Amino acid sequence: MLNELKLEVAYRSDRQNLISDFYEPCLFRSRLYRRAVGYFSSYGLANASAGIAALVVNNGRVQLAASPHLSADDATALQQGYADRKTILREICQREFRDVRDSLVRDRLSALAWLVAKGVLDVKLALRVTGNGAFCRGIYHEKMGIFEDEAGHRVAFSGSSNETQGGLVDNFEAVDVYWSWEDPQRRVARKLADFEQIWQNDTAGLDIIDFSDATADLLSAYRNDREPDWEAMVTASVRQHQPKSPANKWRHQDKAVAEFLARERGILEMATGTGKTKTALKICAALLERKQVETIIVAADGIDLLDQWRGQLIDLTTRLNRRFALYRHYAANHDRDRFNLNPANSILLVSRLALPSALKHLSKETAAKTILIHDEAHRVGSAGNRTELAGTADTIRFRLGLSATPDREYDAEGNLFIEQHIGPVLFRFGLEEAIREGILAPFTYHPLPYQLDADDRRRLHQIFARRTARQQNGNPMSDEEFWTELAKVHKTSRAKLPVFEQFLTTHAALLANCIVFVETKEYGESVLEIIHKHRHDFHTYYGDEDASVLRQFARGDIACLVTCHRLSEGIDIRSLETVILFSSARARLETIQRIGRCLRVDPENPAKRANVVDFVRQAQPGDQDPESDEQRSQWLADLSAITPRT
C-alpha cells in the first residue's frame, strides 16, 4: 500500500532520483495513476512507459491528460476544421513520432501501443481556448499527478517535471508531494478535484478531447506482434534508472577543479560537451564555500551564451542557498554601473566589449575576492581585446579561462596575451579522450570531394591581381588579409552545390536534426534551394532572427538550421545529429567548435552516432595551400575511427 512508503515532502534532482526514489515506488503500489502534464515527446512517452508497466502487473490503469504544442497555424487549422479535430491533432502529434530510430525507444513505443489496446492507458488532449472558444497557440502547462492504491490511499504531487526524457532524467527538477492519510489541509483532495474537472472537460480555458483511439493509431507503426513481458520491463526500468556514479565518466571535471584551485589562474582546455561550464560552476562553489570569493564576473560573446550562463548561475546560488545580486550588461541590459557601485555578493554577466570598464572600477580589495571567468577564452587574444583589456585583470586573484581550443593558430602575440591576462593552460581533455570515454558521441565522417570551377579561379586571379597592385602602390596586403580572401573563395565555391545535391539523393535523412554552416547569407540561400527539395521544416539563423528559432530547433519543430558563425560556440542542443560544413577554416579551432555541436550525447537517444559532412577541395595545379583540406579530412577521419570504451 502507498501508506507503507516513507515519502519525502519534496523531491529534488540534487538529492534524489525522481524515477527510482519516487515514481517507481508509487507506481508499484498503485492501481490508478492520474497524470496531467504539459508538453511531451515520443522519447518522453517511451521513457515514462517503463514505469507504467508496473500498473499492468497490478491490473491498474493510467489516465493521462497532456497537451500538444500548437503553433499559430495549428490553432487556426483546428478552429476552421472543428468537425475533424482528431485528424488535425493526429497530424500535429505525428511530428513528435518521426525519425525514431533507436531500437529501445521503438520497443517502448510498442509497449505504449499495447497499453492503449489493453485499456490500461487512456489519453486525453488538453487544448487552450479563449473565452469565446477559439483555440490558442502554446500548451496547457499545469503539471500534477495522483497515485491511488486499491485501498483508496492517494499520493499527489505537483512541480516542474514533464513526461519527457528531459523532465524525468536530464533537467534539474523538483516536485512537492502530499499524501491523503496525513492531509489536514486537503491538498490531495483539491488536486484530485482539479484533475477530475479536466478529465470531465469542466475546466474553464481548456477543451478536452478523448485521444486514446487516435493514440493507438499514432503508435500502430511501432507495435510489435508479441505482447511485451511486463514484469521484465519493470525489472529493466529499475536497473536502467539506478543513479550513475560520476566518479568514472566525469572524473576529468574533478581533476580540472583541483588543478585550478591549486594554481588560481589558468585555462581549462576541454572539448565541447565535456562540461566546461559545469566545471567552472564547481570551482565557483568551492571558492564560495571557502569564503575566498564574493564576486563572480563572467565574460563571453553572444546573447545566447550569456543567457545560458545566467540560468546556470541562478541554479548554483539556489543550491548553495546564497543571496547574490545578478547583473547583466549585454544586449538590452545595462547593469554594469549598478554592479560597479556594489560588487560584493554580486554576479556580473557581461559582453567582452563592455568588460574593460567593469574591471577598471574594481577596488583592489574587491578584486582580491573576485573570480573572472572568460568563456571561449581564445577570443581574448584578438587585437581589439589586447588593446582594451591590457592590465585590467592584474589585481584579480582568480582568473579562469574556458575553451575547447585556446591556442590561436598563427597568432603568437595573441597567445602570449591570453597567458598574461588569464594564465597558462592548466588542464587538457580533448575530443579524442571525450569520445573514447563515451562523454561525446562517436561519428561517421562523410568527406565530399570537389574541384574549384572557372568562376572560383577567376575570383582567385582577382585577389592575386589586387595584391600585386597594392604592393606597387605601397599599401601591401598583410598575409592574414591575403589568406582570408583566398579562404572566402574556397568557402563560397558554388562547385560544392551540385556535389551536395547528388549526396542528398542517397543521404536526405541526414537533414533531420541538422545544422548547415555556410559562409554568407547569399550562399545559404543557394543551399536552402537544394534542401527544400527534400524537407520543408528548415530555417535560417544568422544572428538577427528571433531567439525562438533556436527553441523551435531544440524542440524539433525545425529539423534543419542553416547558419553562419552564430552557432559555433556555446549552444547545447543534444538532439542534434548532423553538421554539414560548407565553410571550414584553415585553422582547426572553428571546425572543432562546429562539429562539437553534434557530438553531445543525447540521453533520449543513447545509441546516437553523429554525422559530419565535409567538403574537401581536390588539389589542382597552381593551388595555394593545397594541403589544408586534405589535412583536415585526415584528422576528421581519424577522429571518426575512435570507438567508445564499453
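Accessible areas here come from the Shrake-Rupley method with a 1.4 Å probe. On that basis, this predicted model has an accessible surface of about 29000 Å², and 46% of that surface belongs to carbon and sulfur atoms.

Let's start with the overall make-up. The protein holds 26 helices and 21 strands. Of its 646 residues, 54% are buried. Looking at contacts between residues at least 6 apart in sequence, you will find that 75% join residues at least 24 apart.

Now for one sheet in particular. It is an open sheet built from 8 strands with mixed pairing, and the strand order is 1-7-6-5-2-3-4-8. Strand 1 and strand 8 are at the edges; each has a single partner strand, so one side of each lacks a neighbour in the sheet. On average, neighbouring strands in this sheet are turned by 15° against each other, direction ignored.

At the strand 8 edge, the partner is strand 4, and the two pair in the antiparallel sense over 5 bridges. Here Leu-127 is opposite Asp-207 of strand 8.

A helix belongs in this picture too. Helix 7, made of residues 187-199, lies across strands 2, 3, 4, 5, 6, 7 and 8, and runs at about 105° to strand 5.

For orientation in your viewer, here are the strands with their residue ranges:

| Strand | Residues |
|---|---|
| Strand 1 | residues 10-12 |
| Strand 2 | residues 32-36 |
| Strand 3 | residues 61-66 |
| Strand 4 | residues 121-128 |
| Strand 5 | residues 144-148 |
| Strand 6 | residues 154-159 |
| Strand 7 | residues 174-179 |
| Strand 8 | residues 206-210 |

Terms used:
Residues are numbered from 1 along each chain as its sequence is written. This is a predicted model: local features need pLDDT of at least 70, side-chain atom pairs count only at pLDDT 80 or more; totals for chains, interfaces and linings use all residues. Side-chain values use heavy atoms; hydrogens and water are left out. Helices (H or I, at least four residues) and strands (E, at least two) are DSSP runs, numbered from the N terminus. Buried means under 20% relative accessible area, exposed over 50%, partly exposed in between (1.4 Å probe, protein chains only). Contact means heavy atoms within 4.5 Å. Two strands pair if DSSP finds at least two bridges between them. Axes are lines fitted to C-alpha atoms, for helices over the stretch in contact, and angles run from 0 to 180 degrees between N-to-C directions.
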